[in-house]
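Trainee: Please take me through the interior of this protein and explain the terms as they arise.

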Amino acid sequence: MRFSPTIIEKLFKWRLEYFKEQFCNDHLSLTFFKKPIARKKAETQIKDFLISKCPLLIITGKSGVGKSIIGINTYNWQKTSDRNLFFFIKAKSLDKPELDVYIAESLGGIGSEAASVIFSIENWLVETNHNLIIFLDGLNEYCSSTKGCVDLFRNTLRLILQLKPNSPIRLIITIREEVWHKVYQDVDHFFLNTILRREGEDKAYSIINITSYSHEEFNEALSRLSDSNLNVLDKTAILMGYEQLRDPFFFNAICNKIDTMDMRQSLSHIFEYSIEDKLATCGNIVHINLIESSLSNIALKCFSGNKTFTLTNFCRVSNSDDLEQKLIDLGFITRTDEGKLRFSHDRYHEYFLAKSFGFGDAPNISTVQGLQNFIVDHKDEPLMISAAKMYFLLNPDEMNTLEGALYTCFENDKYDSLVSKDALFLFIKEVLIELSIDNPSLLNSLLEDVLQKERIKELKTELIRSINLIIVHLPRENGMHLFQKIIHNREDLSSLEAEIFLTDYILDYYCSLEKEVNLLSDKPFAEYFNDPCLPVWKKMVRCFSFVEKLGPFNQNKLEHEKLIKEISPIIFLYANSCSENDYKSLADYILKFCNRLFFNASSIEIQEFFNDNIRTKEFFISLFEHLKSGNILEKNHYEGFKNYITKIGNNCEFHLCKLAFILSSKNDLEKTIEFWKNIFESFNEYTPPEEVDFMLATLLYLLVVNEVLYTHDFDTYFKRVLEDWPQILEYAPGLIRSRWRNMSDDFDKIFEDGFNPIASYMYLQPVARRQLLSYCQYQKSCHFIENSLYYSYLNNFLENGEISKALRIIHALSSHIMLWPEEGFSYLPLIAKSNNPLIRRAYIRMLSECYHRYPLQTLQYLRTYGCELSDDEIGKLKIRIDPQIGYRQIEDLEWANIAHFFLTVLFNHRNQFYNALKKIIESQSLYEAIKWVFSPRSFH
């Protein structure tokens with residue numbers, strides 16, 4: 001018969017208090033402020049967890065962001081309530097990966113069997129109406145290898161499984177985010193998700209991610225710093241180091257020296273100077289070089305062997321006790337219960353480990369071969385990998401090793417098969433991204449060297465595309481220059497993507513300004529719109545790129561009026577300055593990139609349109625003459641459209657049919673909308689899917705061009721597709737069209753095809769809120785869309801196992817997020833919860849597309865939501881760039897913005913517009929059509 005120990009309340013609470021005091025003393029000794037800065041967002045999520053029934057909360061985040069301090073904060077605001085008791089455990093205190101045994105030995109009184117002790121504690125908690133919150137801190141510090149951390153986590157899950165349903169025992173685990181990604185892929189996901197997400201617990205946060213100080217938290221820290229009577233001399237320098245100081249560990253490590261440091265230096269070197277400055281205070285005991293080399297040697301020995309050490313074994317000095325106490329007082333080391341020493345924080349362990357590289361038994365990563373071997377040997381040891389990253393940040397002269405390794409990743413003949421190419425490239429990329437914050441001027445110099453004029457044209461496209469994703473992390477002035485170098489010297493996909501990122505830089509800055517600007521003379525706009533290295537037609541395309549992104553629905557009314565006023569003269573200036581070479585080059589550009597510019601267009605079909613028989617052209621000439629007279633579309637016109645809008649390919653005639661609806665609406669919007677509704681009412685489940693898609697896309701054009709907000713009155717048309725017409729919703733023409741893209745995988749064939757009849761709802765959804773706010777207000781506001789039709793349908797489809805239908809909404813979302821990233825990311829946590837392999841694949845595909853379009857926002861999303869990714873998924877997200885995947889097409893909303901712009905600025909040129917349209921249709925080539933439209937006689 002199992003023996004159950006008796007829980008004595010006073011003794012039990014005394015033990016909890018003992019462990020709490022020990023935990024607080026260890027961690028508060030590292031903080032400058034004895035009352036930690038409140039982390040409101042994370043604490044709100046923890047409050048939600050504590051009132052839920054979820055037994056486990058995982059807190060992830062980079063080292064030093066304050067995961068441990070969150071535990072102390074949680075205890076402080078909970079201690080007024082006697083109900084929640086806290087048991088703080090440092091994972092590095094465990095000798096074996098048996099959490100239940102440690103709990104039993106620490107709290108069990110006279111009981112010896114772990115299961116019996118925990119059973120007794122549970123019963124006592126229920127009888128006394130208490131909860132026990134077990135805070136297991138730093139799971140990654142239990143062992144230097146991922147395997148040891150996985151063993152501890154698995155045993156923790158087994159402990160949870162032993163608990164009663166709705167047990168009063170709850171667990172909170174903190175872990176470095178890079179270690180969590182490793183641990184996550186080695187555990188039973190079904191079991192983990194069963195524990196983490198219980199039915200009916202929508203508000204239970206199973207995983208949260210702690211990031212650096214927010215703007216408000218950083219201001220509070222600065223305010224307290226001023227109140228501490230420190231002489232903060234150079235506030236400008238502090239603000240220049242804003243990104244560095246937002247790291248809580250870094251802030252605490254240097255803030256007592258902040259008045260003497262130049263914050264314009266790199267983060268790593270400021271950290272290094274701070275440590276050396278503290279070590280210098282030991283000068284009356286031992287020389288700084290000796291203690292520094294001893295700590296580096298200790299860091300290496302503690303990594304490969306025991307986590308604890310005795311100082312006299314490494315640094316023999318006469319007054320070793322004084323030195324030991326001094327290092328404890330400085331916060332570098334701490335004393336264990338057994339009287340031995342350990343590093344007080346893994347960031348200090350990481351730093352001294354980095355300082356050991358290249359000496360004695362430490363790894364040598366100063367050569368490409370050495371770096372390759374190192375990654376193979378230590379790929380499952382996150383602390384060692386982090387130390388290697390710090391080594392490069394501390395040693396700028398070694399950046400040539402990273403540059404050489406970068407070329408090696410893209411030169412198969414030089415690549416050593418010993419190391420995973422993906423692992424090597426990911427390491428390099430992450431170092432360079434950290435460098436963008438730590439020392440942006442150094443990263444800029446490195447990329448300048450890589451992109452030298454004599455070299456840039458010879459580099460592989462994949463390498464330049466990867467460099468694009470690193471450049472976006474640089475400040476605007478540096479990034480613009482590097483993107484321009486790529487644009488001026490390349491004529492491939494890397495150049496096209498550099499142009500997109502460059503436009504993003506300019507758009508963001510333009511939208512943030514509330515004053516009028518001269519786009520041809522004011523910096524940085526002049527460098528973009530009046531780039532002397534570009535021909536006139538390319539300058540004009542840049543103007544259209546601006547208009548494409550900023551329509552009446554992407555801005556509020558005042559912002560859009562300002563845009564039209566400032567950009568219209570430039571477009572007409574360039575249109576009237578085009579030469580014969582410009583006409584020809586623009587025509588060649590459209591034919592070359594037509595599958596990006598027009599949905600599923602082909603250069604052959606465009607050329608066939610201009611060579612088509614006169615009968616087809618006469619239909620459209622007659623149609624536009626009808627509209628020129630002020631009439632609206634009639635039934636016979638729509639019957640004629642069916643020849644073009646029910647085909648699997650979208651030719652020029654397809655787009656002219658959309659234009660006809662637009663022009664009809666400009667004559668009489670109310671009657672055209674009524675005409676549209678009557679047609680849609682005649683549809684049923686057997687209507688060709690292409691026709692349904694055409695009509696729902698046309699609705700978007702009608703609303704945008706006429707500046708009419710979407711209302712829920714239109715929901716009924718999208719609901720029919722979602723609820724009643726499954727064969728239309730799930731129609732997959734990509735299986736046929738994929739032969740144009742040379743794809744073999746069915747998932748890729750469907751997901752990479754742009755067909756989706758419900759996509760236009762996504763484009764229109766965020767508009768009302770955007771128009772109420774200025775750009776800066778919009779960027780700062782909450783972006784989740786309430787009462788979203790698709791959110792509820794997606795949730796229902798996932799819950800009911802209707803995977804094919806759910807994939808169609810996710811497919812529509814993948815286009816939506818390209819246009820509205822702020823709102824689009826709010827859908828992703830719902831998708832991330834699914835265990836279905838196809839949904840998971842779609843989720844990773846979306847994240848990959850987002851990363852290669854909005855890398856900064858995607859990384860922020862991953863940090864904020866603490867999303868778990870396997871190594872293979874990280875590879876798909878951050879490393880492999882398939883030119884066929886996520887190929888950027890101009891969406892319907894962007895074409896609607898361009899149509900709105902032209903119909904606005906040409907409002908007083910109605911006859912000329914219709915004459916130009918007739919000339920385009922009558923032209924015998926695309927070149928001839930462009931030449932006529934942009935010739936000086938067209939709109940004068």
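**Cavities and a core**

Mentor: The lining of the second largest cavity comprises eight nonpolar, six polar and six charged residues. This is a predicted model: local features need pLDDT of at least 70, side-chain atom pairs count only at pLDDT 80 or more, and totals for chains, interfaces and linings use all residues. Residues are numbered from 1 along each chain as its sequence is written, and side-chain values use heavy atoms, with hydrogens and water left out.

Trainee: What makes a residue count as nonpolar, charged or polar?

Mentor: Ala, Val, Leu, Ile, Met, Phe, Trp, Tyr, Cys and Pro count as nonpolar, Asp, Glu, Lys and Arg as charged, and the others as polar. Among the residues nearest the centre of this cavity are Leu383, Glu141 and Asn140; therefore Leu383 is nonpolar, Glu141 charged and Asn140 polar.

Trainee: Why is such a space called a cavity?

Mentor: On a 1 Å grid over the protein atoms alone, a cavity is a set of points where a 1.4 Å probe fits but cannot get out, and its lining residues have an atom within 4 Å of a point. Nine cavities of 30 Å³ or more are counted. The largest holds about 450 Å³, and Gly66, Lys67, Ser68, Ile69 and His345 are the closest of its 31 lining residues to its centre. The second largest holds about 320 Å³.

Trainee: How do you know that Leu828 is buried?

Mentor: Leu828 belongs to the largest nonpolar core, of 249 residues. Such a core joins buried nonpolar residues through side-chain atoms within 4.5 Å, and buried means under 20% relative accessible area (1.4 Å probe, protein chains only). Therefore Leu828, as a member, is buried.

Definitions and conventions
Buried means under 20% relative accessible area, exposed over 50%, partly exposed in between (1.4 Å probe, protein chains only). On a 1 Å grid over the protein atoms alone, a cavity is a set of points where a 1.4 Å probe fits but cannot get out, and a pocket is an open set with protein on both sides within 12 Å along at least five of seven lines; lining residues have an atom within 4 Å of a point. Grid points are joined across faces, edges and corners, and a volume is the space filled by probe spheres set on the points.
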